Amino acid sequence: MNEALQVVHAPRLVVALDVPDPARAVSLVERLAPLGVLFKVGYEAFYGYGDTIRAALAANRAEYALDLKFHDIPRTVHAAVRSVVAPGVRLLTVHALGGAAMLDAAVDAAHERAAELGIDVPGVYAVTILTSIGAEDLGELGLAGGPGENATRLAALARDARCEGVVCSVREVADLHAFFGAEFGTFCPGIRPAGTAHGDQKRAATPREARDAGAGFAVVGRPIVEDADPAGAARAILAELG
């Protein structure tokens, strides 16, 4: 591995709270928060029981990523970002395909609202190519080239719009760091321990592969939240990430 691309810090483990039962989600927060993980609050939790899960996160002093993948006209995204920035939100996601003006609006809104609240500015991370999309799917979306080429092109757009980083697969991390520097953030879904099912993830990777690639955040959902011992599952993955 190129010395310049070697990981300096282990990826931070992100636990995706993609569960239908609010009581189960709260229990996961209570059991996993002491491990120092970041939680991911996506559509299911935010729209299904948003007040409950945010209260649980606050009570356990847990940081979280708000994964709502905003994608709309710049004014609408600006207003949406302002509405969700709150204490505890470490980062939030938008779609890079929304374009430069929309990304700029999201970053501006995050800074404005954080300043009003007197809190740290959450990083805006732009979604490049979803990890559920394979090379064979790109043509029907009208995208030329492979996942890596498209992710790099969209990452350049995000960087120029002052985004802290991008949502991408582990497979793109090394190239993104080569182009944009190791400080450019990478939030990587689709992390699966070796031997576990990939589900709908087409560009999955193991925790060790995430570590070796230099990923900033390694997102794990079902292998932890569906385990009978989620804390034990998380500790095993933390050991592999370290």
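Visitor: Is the crossing of α5 and α6 left-handed or right-handed?
Guide: In this predicted model, the axes of helix α5 (residues 147-160) and α6 come within 10 Å and cross at roughly 40 degrees. The contact draws on residues of α5 including Ala 151, Ala 155 and Arg 159, and on Glu 172, Leu 176, Phe 179 and Phe 180 of α6. As for its hand, the crossing of α5 and α6 is right-handed.

Visitor: How are α5 and α6 oriented to each other?
Guide: Two packed helices are described by the angle between their axes and the distance between the axes. Here the axes of α5 and α6 cross at roughly 40 degrees, and angles under 35 degrees would count as roughly parallel. The two helices, α5 and α6, are therefore oblique.

Visitor: How are α3 and α4 oriented to each other?
Guide: The axes of α3 and α4 lie 8 Å apart, and the helices pack at an angle of about 30 degrees. Since angles under 35 degrees fall into that class, α3 and α4 are roughly parallel.

Visitor: Which residues does Asp 108 touch, not counting residues up to four places away in sequence?
Guide: Asp 108 has its place in helix α4, and at 32% relative accessibility it counts as partly exposed. It is also among the residues of α4 that make the contact with α3, to which His 78 belongs on the α3 side. Although Asp 108 and His 78 are 30 residues apart in sequence, their C-alpha atoms are 7.5 Å apart in space. Not counting residues up to four places away in sequence, Asp 108 touches His 78 and Arg 162.

Visitor: In what order do the eight strands close into a barrel?
Guide: Strands of a sheet pair through backbone hydrogen bonds, either parallel or antiparallel. In this barrel the pairing is parallel, and neighbouring strands are turned by 25 degrees against each other on average, direction ignored. The eight strands close in the order β1-β2-β3-β4-β5-β6-β7-β8.

Visitor: Which residue in β8 does Leu 13 stand opposite?
Guide: Strand β1 (residues 12-16) is largely enclosed by the rest of the structure, because four of its five residues are buried. β1 pairs in the parallel sense with strand β2 (residues 38-41) over three bridges, and there Val 14 stands opposite Leu 38. Four bridges join β1 to strand β8 (residues 217-220), again running parallel. In β8, the residue opposite Leu 13 is Ala 218.

Visitor: What angle does the direction of helix α3 make with that of β3?
Guide: Strand β3 (residues 64-70) runs parallel to strand β4 (residues 89-95), to which it is joined by four bridges, and Ala 65 has Leu 91 as its bridge partner in β4. Helix α3 (residues 74-84) packs on the sheet and touches both β3 and β4. Its direction relative to that of β3 makes an angle of about 160 degrees.

Visitor: Which two residues touch the most other members of the largest nonpolar core?
Guide: In soluble globular proteins, nonpolar side chains tend to be buried together. The largest nonpolar core here has 70 residues, with helix α4 (residues 100-117) giving the most, namely six residues. Leaving aside neighbours within four places in sequence, Val 94 is in contact with residues including Phe 70, Val 77, Met 102 and Ala 106. The two members that touch the most others are Phe 39 and Val 94.

Note on methods. Residues are numbered from 1 along each chain as its sequence is written. This is a predicted model: local features need pLDDT of at least 70, side-chain atom pairs count only at pLDDT 80 or more; totals for chains, interfaces and linings use all residues. Side-chain values use heavy atoms; hydrogens and water are left out. A nonpolar core is a set of buried Ala, Val, Leu, Ile, Met, Phe, Trp, Tyr and Cys residues joined through side-chain atoms within 4.5 Å. Buried means under 20% relative accessible area, exposed over 50%, partly exposed in between (1.4 Å probe, protein chains only). Contact means heavy atoms within 4.5 Å. Two strands pair if DSSP finds at least two bridges between them. Axes are lines fitted to C-alpha atoms, for helices over the stretch in contact, and angles run from 0 to 180 degrees between N-to-C directions. Angles under 35 degrees count as roughly parallel, over 145 as roughly antiparallel, 65 to 115 as roughly perpendicular and the rest as oblique. A crossing is left-handed if the near helix is turned anticlockwise from the far one by less than a right angle, and right-handed if clockwise.
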